[in-house]
Structures are given as C-alpha cells and as structure tokens.
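Me: I'd like a close look at one part of this model rather than a tour of the whole thing. Here it is.

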Amino acid sequence: MIQCPNCGGSVVFDIATQQMKCQSCSSLFNPYDFKYGNGAEESTEYDVTVFKCPQCGGEIASTDETAAAFCSYCGSSNVLESRISKEKKPQLIIPFKKTKQQCKDLFAKKVGKSLFAPSDYKNCKVESFRGIYMPYWMYDMSQNGQVSGKTSTSHRSGDYIITDHYFCSGNLQAVYNGVSYDASSTFADDISGDIAPYSVKDITTFTPSYLSGYYADIADVPMDVYASSAKESAESFSADFVKAKTPFAREFVENGLKIPTTAVNVTRSAMFPVWFMSYRRGNRVAYATVNGQTGKVSADIPISISKYIVCAVIAALLCFPVLQFLFTITPQVMMIVASVISLVVAIMYNGEMKKILSIENHEDDLGYKVKKGMVNPKQAKKQASGKKKGNGLMNVGQAIGIAVFLFFFLGVAGTIFGSALSSLTSSSPMGRAVVILILLVIIIGVTISANKKISQMIYKNGFAASIWTSIAVGILFLVAVINPVADIYYYIAIAVSIVGILLTLLDMMRCFNLMAMRPLPQFKMYQGGDDRA
C-alpha cells in the first residue's frame, strides 16, 4: 500500500485526474513522486504481492494488499493465498483511461441487443469489473533493402487479348515501433486480439505507482515467442502498402512480391490496461473485457436456453396462422424437406464441435501452447487466428428461422423447391426413398465425424446429439420405402424428425455455451483448492 505523505491514508491511481489520489484527504500526487528501490540507482525489480487463487490457480500481482478479496479470472470471492516476491519491472505502461463506470456503460451497450443472454450476465453490477494490467511484449522492427514484384495487365485488341508483363523494383525503408502481443499464457490470444489495438500516444515509463488499486498479471511467455508473428505482420503491411502505391496493385502475381527481411531491433516489456468481468458457472467462465484505454469491448456471451425456447414458441404462435393460410404442401414432399433440414442441423452441430475442440486445444493461443511445452519457443510462429466465435448469441433472424421449422413450419422451405421435388418424387415413391437415403448417408457420416471430435474433448463426453437426427431420418426413409396410403404415417414420421432436430439444436446450444464459457484459466495447471467450486 502506498501511504499519503500528508495523512497516511491509502493512495491509488485516479483515472479521472491521471494522478495519484489519497482516498482519505483527496490529495493529488504525481505518480513519479513516489520512489522505489534502494539508493540513487533505481532497482530493475520491485516488491509486489502475488496472489494465487485457490479456486482456479490464477496468479495476479498487486501493490495494494487490500485488493485481494476476489480473483480477476474466475470471480472467486475467497481470501486468496499470497506471497511477497520481487518481479522484474516492465519498461513501459499505458495507464487506465476509461473509468469503471465508463467500462460498465460500454459493456451494457454491447450486450443490450443480446436477446438470449442470461439476465444475471446482462445486469452485472459495476463492481463486477476489475482493473488489471496485462503484460505485453513490444517489438521495434525495421526493413531496409530492395523490394521487387512481378505484375501484368491485359487488354483486348480486336480478336486478340494482349498481356503486358512488368517487373517492379525499388528500395524500401520502413520502421515499425510498438507492435505488441500479450505476454501472459492466461490471457487468451483471441481476447487480446479482439480488444486491440492500443495507442502508444499514452505510453509512459513504468512506475509501480500506477498499479496501486489495480491488479497486474505476470509475464510468463518468453519475449521471442511472438517475434516471428511481429515480423509477418510488418511484412504483410509493407506488401499491402507497396501494392497500393503501384499502378498495378490488383495484378501482382500471388507470392510474387518480395519484401526485405524484417529485423527485430528492440523488444520491450510493457503493461496495458484491461477491465475484466468474469461470469462463472461451474468450472467455466465467460469473460467480458474492455480495453482500458480505448473502451473497445470483447465479450463471451452465453445463451439462455429458456429465453430461446420462449422466443421460439412466441414466433411459432405468430407465424403458424400465416403459414397455414398461405402455403400448402404434401406430406411426401414435407418428408424430404424435413430430411434436408436435418442434414443442415447435423452439419451445424458438427461445425460447433470443431470449434469447441479448437478452443479446448488452444489452437489459436500461441502463448499458452509455448507455456505448456506444446510448441518450441524458438520455432514458434503465430498461427492464423480463426474467426472469432461471434458475439455469443444467435441473431433474431436466425432464432426466428429455427423456431419456424421447429414448430411444424417446414412449409416455408417446401414452397421454395416444392414444385421441383413434387415432379421428381410425387409419382415415384422409390425416388423419394432414394433422395432420403442419400441424405441419411450424409447425416450418418457427419454424425460420425462429430462423435470423433467429442471423443477428443475434455469437457464434453457421450455421443453426438445429431444421432437423433440420423435415427429420425432413418424412420423417414422406412416410411418412404413402405409408402403407406394414409397420410397420418407421414405426419408421425415428420413429427419424429422435428423432435430429432429439436434435441440436436438444444444440445448445440448447450455446446455453444461450452464454447462461450471457457475453462477456468489455469484449472489443470495447479493442484489444490476446491475443484468443485
């Protein structure tokens, strides 16, 4: 704790004034007025209290001992174990610019349109957000040398197409300063990338005073891990710049542009501000993070299944009379439409399993993989990040669309290609059976693929829920082969297929929540604590 020279009260960094403020007498001080280290030469280390959460094993540091009531990563309110240690000081820091209330307002604006987000998640209190300084590596790089590339243009002259080939070359001198990557294995790369970038206009020399009243994560990823990533980013930017400056930007032959080798001149350590909010359920958490400088928000938003079902029922009740009045479709054609929708749902389910497996394996988190020994730091290259898993919920249009066919509104899809199907299948029961059989074989293949992914998962087990769509389409196939006279048998088979679709979609939403709610950050890295919390 930093003590006020005037009254002895606790002094913390005040975002509004960008100065140190006494919580008792409101006196203001320059952050650099407080000296650390022994003697005239300031130490390269500083004393910090490191808290290790007994619930998730997360480690965070603070210069303020009163800030140990909760964990930033899992939200545990237990008293945290602590130890005093000396940590190597970062060279630079960007102080917090956004206050906690501003952070809460920005978060509320983002999730306000999230129709299916849990209410307790959307209505979180401002106290739920904790300020934490995350460690980053900053790379200063330069490029100096010849740049060259092949290009061509084509034009028509009478009956001929004439192609002109060009070879462009020149000298390139470029400097990139402050290209940054997070240096914490606990801070997922997709989160840090989502709230980027930070502006170096506010960066300043580090002093422990800025940490007073806040947490700080400890850098545990070697500085050379992201060096290749930084080089690739610089070379990609230079290539785009060169192409934009030539008269033949769009005609460059692929991989035909050669950029000079990028040299990493200086690697500096820094701390950047992040507001954290963790929404915990069982041993998983959904994070909401806000860039403490720019206010950019990234949120893992789970789905409330009960809210979704209520909205689906309302949509069904509103749409049913309209669809019944406008459309007419035979049960034979409806069977094929149900089979097609079952295939679409099975493919969606398989895709969701692929995303979950990717997250569990930390495929896009290079820092974590290096920390766990899964990647050699000297050979590490930044993996191309996949698409962000979205804002954590289905949009209203998708929700209504799914609700429609869940509640017997397959007629919408049937009207689009019903006439074509009718001409192919109405007079040919065997034709219907063959079409459904082909769809069934594909669904079974997709289900087997999803099952293989589930067998490799840590937090999900059992069989793929798309097996229910496989069984339901199998029943549709049998009915198509038997070709009964009474329509009631077709409608029963269609109802069964809708139940299969419903079960698959419900499990897909549960799996989506697995993806939106990450495992506790270091749950398997540390022993001890209450694993049931």
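Is Tyr 133 buried or exposed? And what surrounds this residue?

Reply: Keep in mind that this is a predicted model. With that said, Tyr 133 is buried: its relative accessible area is 0%, and the cut-off for calling a residue buried is under 20%, so there is no doubt about the label.

Let's start with the strand. Tyr 133 lies in β9, which covers residues 130–157. Of the 28 residues in β9, 20 are buried, so the strand is largely enclosed by the rest of the structure.

Now the strands that pair with β9. β10 (residues 160–182) runs antiparallel to β9, and 21 bridges hold the pairing. These two strands make a hairpin with two residues between them. In that turn, Gly 158 has a positive phi of about 65°. If you want a landmark in this pairing, take Tyr 136, which stands opposite Asp 182 in β10.

β14 is antiparallel to β9 as well, joined by 14 bridges. Here a handy landmark is Ile 132, whose bridge partner in β14 is Val 274.

Then there's β12, which runs parallel to β9 and is joined to it by two bridges. This is where your residue comes in: Tyr 133 stands opposite Ala 216 in β12.

Next, the rings. The whole structure has 17 aromatic pairs. One of them is Tyr 133 with Tyr 214, an edge-to-face pair with 6.0 Å from centre to centre and 75° between the planes. Tyr 214 sits in the loop between β11 (204–205) and β12 (215–217), so this pair ties β9 to a part of the chain 81 residues away in sequence.

Tyr 214 is buried too, at 9% relative accessible area. The ring of Tyr 214 also pairs with that of Trp 275: the centres are 6.3 Å apart and the planes meet at 65°, so this one is edge-to-face as well. Trp 275 belongs to β14 (residues 262–281), and the two partners are 61 residues apart, so again distant parts of the chain are linked. Like Tyr 214, Trp 275 is buried.

Why do both of these pairs get the edge-to-face label? Planes over 60 degrees apart count that way, and the angles here are 75° for Tyr 133 with Tyr 214 and 65° for Tyr 214 with Trp 275.

Put the rings together and you get a cluster: ring pairs link Phe 96, Tyr 133, Tyr 214 and Trp 275. To trace part of it on screen, begin at Tyr 133 in β9, step across to Tyr 214 in the loop between β11 and β12, and carry on to Trp 275 in β14.

That route also ties in with the strand pairing. β14, home of Trp 275, is joined to β9 by bridges in the antiparallel sense. β12, which begins at residue 215 in the model's strand numbering, is joined to β9 in the parallel sense.

So, the short version of your answer: Tyr 133 is buried at 0% relative accessible area. The residue stands opposite Ala 216 in β12, and its ring pairs edge-to-face with that of Tyr 214. Around it, β9 pairs with β10, β14 and β12.

Definitions and conventions: Residues are numbered from 1 along each chain as its sequence is written. This is a predicted model: local features need pLDDT of at least 70, side-chain atom pairs count only at pLDDT 80 or more; totals for chains, interfaces and linings use all residues. Side-chain values use heavy atoms; hydrogens and water are left out. Rings of Phe, Tyr and Trp (its six-membered ring) pair if their centres lie within 6.5 Å; planes under 30 degrees apart count as stacked, over 60 as edge-to-face and the rest as tilted. Helices (H or I, at least four residues) and strands (E, at least two) are DSSP runs, numbered from the N terminus. Buried means under 20% relative accessible area, exposed over 50%, partly exposed in between (1.4 Å probe, protein chains only). Two strands pair if DSSP finds at least two bridges between them.
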